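This briefing covers the nonpolar cores, one helix, the internal cavities and a few single residues. The structure is shown first, and the notes follow by topic.

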Amino acid sequence: MIEKMEFLSIIGPRDQLDRVTEKYLGKYEIQLENTVGELKNLKNIVPSSESNPYREWIGRAQEAAAIVEGRSGAGASEKKAASAGRAGTKGASAGREAAQNLSPEAAVETVRWADQLMEEAKREKTRLQTELKKQQGLLEAVRPYLELHFELSRILHFKYVRFRFGRLPVGYYQKLKEYLQEDDCTIFEKCRVDESYVWGIYFVPVSEAKKADAIYASMHFERIYIEDAYPGTVDEACRALEQEIEALEGQIRQLDDDLAARLKEDADRLLAARAVIERQSSRFDIRRLAAFTRSKNETFFILCGWMAKKDAVRLGKELEADPELFVTLEENPDRRTSVPPTRLKNPALIRPFEMFVRMYGLPNYNEFDPTLFVALTYSIIFGAMFGDVGQGLCLALGGFLLYRFKKANLAAILSCCGIFSTLFGFLYGSLFGFEDVLPALWLRPTEAMTNLPFIGRLNTVFVVTIAIGMGLILLTMIFSIINAVRSKEYGKALFDTNGVAGLVFYGAVVLVVVLFMTGNPLPAAIALVVLFVVPLLVIACKEPLTQLLEKRKAHLEEGPVMFVVQSFFELFEVCLSYFSNTLSFVRIGAFAVSHAAMMGVVLMLAGAENGGTGNLVVIILGNIIVCGMEGLVVGIQVLRLEYYEFFSRFYKGDGREFKPYM
């Protein structure tokens, strides 16, 4: 359900604002609104002109506290990081206690000291990282030439021979070898080969350099420039660079460790400073939301927002005993701008199903909270489509354990659906696909048939699921009417396809179908005309009737002829949608039948279709595959029914969530 909200305004002397924040607002959950924009009927109120002096220090305080708590140890091992995290948790608790005795000025000075240490460390770290990146670039450039057993410095200083380091595609290397057989002026030294490229170096006399460069360029040779910064041979240069890179990485790790150790010497004070700065910044943010007005020689603040009704009543009683403050509750929506926020409050058993509601959209304050409806219909329909005692118990137990240790809402939903799958498994007499172990308390989906007039023999499960679907559609129409009345959309409540007119029409169709299928006499022709034709005409004239209901002049924008033509096609679409939406529930019975059929295939493959023992491994693997695959598909199909067949009729989901400032 949606918790009742109250809009309240707290008024008092300006110098009492911090005390109100600390003593009262920190005790209750309240969603603050911008007072100047909210109380549009009040005159002579102005916003706060103060800037938040603590905002620039919040990020620095949090960065230092993160290092103290072990959340940013760049060079620490996992064990060391875990130990630091535990120490940080203890430090955070001590910091909160120390924050009670730390002044805001002292907190800023503490953070300024930590920021200086971090800035010094950052400058040094930047220098080391720049050098590290340079050395890594040198290593990557020369690594492909490990097979070149020459001193690079000597090659780079040749005077009469030109050299070119680079690579060319593997496909062109064969052409290069053919060219080299005919040209004695060029030598190509192959160094490294992978799937795409051949790395190497070619030598050519100075007089032939331009010609050779042109030929190699035609073979897509990509030149790589090597710096004169490598001592010894290539492999010696690589080893030296690797050692230098390792040393630089060690210096960076040591720098991080030294900074963390220095900050942890004053861990309690740093954590306390963070708490103080966050609290002070939050107070200044509250001042930005408050409005101020002057009366005689004193300035007063006005702070307004939304609270749960029970909390608003308790706060009002507390403020009655405070002589300097008073609170007003505003129930007239014309005197405020914002709409009430939504705060869902459901029992723990169905609370996980709020996930599906939030995925579609949070209900607005005047809407019906569909969480209970979703919990019941989703679980029951899932169980009807996936009825199996054994697999249902596995889903229930697996979902429960997963929720117990991971607290995943989807796991709790899975566990609940598994319970209903187990119940329907007893009704169907199905245990891990075996249909001859348990007696069916109701029917077996693949065997039960029903004789219907005009249609003939039809699977009983299909008949029952269509009947249940028609009942659920009627129920969602009632929900739509309730939501429309709550929102004061009386035209929609009366004349919409999901309003009273649609309810009468579809209800009459359901009644006629039930009477015909059960062999009972149908209502008189006049009654059928009234029940069928009149509601359709009302639906077709929804717009002009709504305008008349709202005491507005009825107006047909496109003329009467186009109105009639458009209404005809709209009514055709309405009737077609009623029919298709009803048939959509056949999928419930279809999946119940398909589950039994799929498990029959598994038992056949295992050689156990006639009551035999069968191959146990095949039976177990088949159950796992069917349970996983069909469970996923059924879950998606049930969610589709919830969203497209139910929610689309009565639910908007355009609410805004209740977000307390602390």
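**Nonpolar cores**

In this predicted model, the largest nonpolar core has 51 residues, of which Phe356, Tyr378, Ile381, Phe382, Phe646 and Phe647 touch the most other members. Helix α23 gives the most to this core, with 9 residues. Apart from this core lies another, of 24 residues, among them Leu138, Leu139, Tyr145 and Leu148.

- Leaving out residues up to four places away in sequence, phenylalanine 356 touches Val374, Tyr378, Leu410, Ile413, Leu639 and Tyr643.
- Tyr378 is thus named twice: as a contact of phenylalanine 356 and among the residues of the largest core that touch the most other members.

**Helix α15**

- Helix α15 covers residues 409-428, which is 20 residues.
- From its first C-alpha to its last, α15 reaches 28 Å, close to the 28 Å expected at 1.5 Å a residue.
- The buried residues in α15 are Ala411, Ala412, Ile413, Ser415, Cys417, Gly418, Ser421, Thr422, Phe424, Gly425 and Tyr428.
- Ile413, buried in α15, is also one of the contacts of phenylalanine 356.
- The cover over the buried residues of α15 includes α12 (354-360), α13 (371-385), α14 (389-406) and α22 (586-606).
- After α15 comes glycine 429, with a positive phi near 70 degrees.

**Cavities**

- The model has 3 cavities of 30 Å³ or more.
- The largest cavity holds about 60 Å³ of space.
- Its lining is made up of Asn364, Glu367, Ser480, Asn483, Ala484, Ser487, Glu489, Lys492, Arg649, Phe650 and Lys652.
- By type, the lining of the largest cavity divides into 2 nonpolar, 4 polar and 5 charged residues.
- At least two lining residues of the largest cavity come from each of α16 (460-486) and α23 (616-650).
- Helix α16 supplies the largest share of that lining, 3 residues.
- Helix α23 therefore appears in two settings, as it gives the most residues to the largest nonpolar core and supplies at least two residues to the lining of the largest cavity.

**Single residues: buried**

- Glutamate 3 sits in the segment before β1 (5-13).
- Glutamate 3 counts as buried because its relative accessibility is 10%, below the 20% cut-off.
- Not counting residues up to four places away in sequence, glutamate 3 touches Ala308, Lys310, Arg343, Lys345 and Tyr365.
- Threonine 110 belongs to helix α5 (residues 104-142).
- With a relative accessible area of 7%, threonine 110 is buried.
- Threonine 110 is in contact with Arg269, Leu270 and Ala273, its neighbours within four places in sequence left aside.

**Single residues: partly exposed**

- Alanine 527 is part of helix α19 (residues 525-540).
- Alanine 527 is partly exposed because its relative accessible area is 29%, between the cut-offs of 20% and 50%.
- Alanine 527 and alanine 508 are 19 residues apart along the chain, and 9.7 Å separates their C-alpha atoms.
- Proline 660 lies in the segment after α23.
- Proline 660 counts as partly exposed, at 27% relative accessibility.
- The C-alpha atoms of proline 660 and leucine 25 are separated by 9.6 Å, although these residues are 635 residues apart along the chain.
- Proline 660 is also in contact with Glu29, Ile30 and Gln31, leaving aside its neighbours within four places in sequence.

How values were computed:
Residues are numbered from 1 along each chain as its sequence is written. This is a predicted model: local features need pLDDT of at least 70, side-chain atom pairs count only at pLDDT 80 or more; totals for chains, interfaces and linings use all residues. Side-chain values use heavy atoms; hydrogens and water are left out. On a 1 Å grid over the protein atoms alone, a cavity is a set of points where a 1.4 Å probe fits but cannot get out, and a pocket is an open set with protein on both sides within 12 Å along at least five of seven lines; lining residues have an atom within 4 Å of a point. Grid points are joined across faces, edges and corners, and a volume is the space filled by probe spheres set on the points. Helices (H or I, at least four residues) and strands (E, at least two) are DSSP runs, numbered from the N terminus. Ala, Val, Leu, Ile, Met, Phe, Trp, Tyr, Cys and Pro count as nonpolar, Asp, Glu, Lys and Arg as charged, and the others, Gly among them, as polar. A nonpolar core is a set of buried Ala, Val, Leu, Ile, Met, Phe, Trp, Tyr and Cys residues joined through side-chain atoms within 4.5 Å. Buried means under 20% relative accessible area, exposed over 50%, partly exposed in between (1.4 Å probe, protein chains only). Contact means heavy atoms within 4.5 Å. The expected span of a helix is 1.5 Å times one less than its number of residues.
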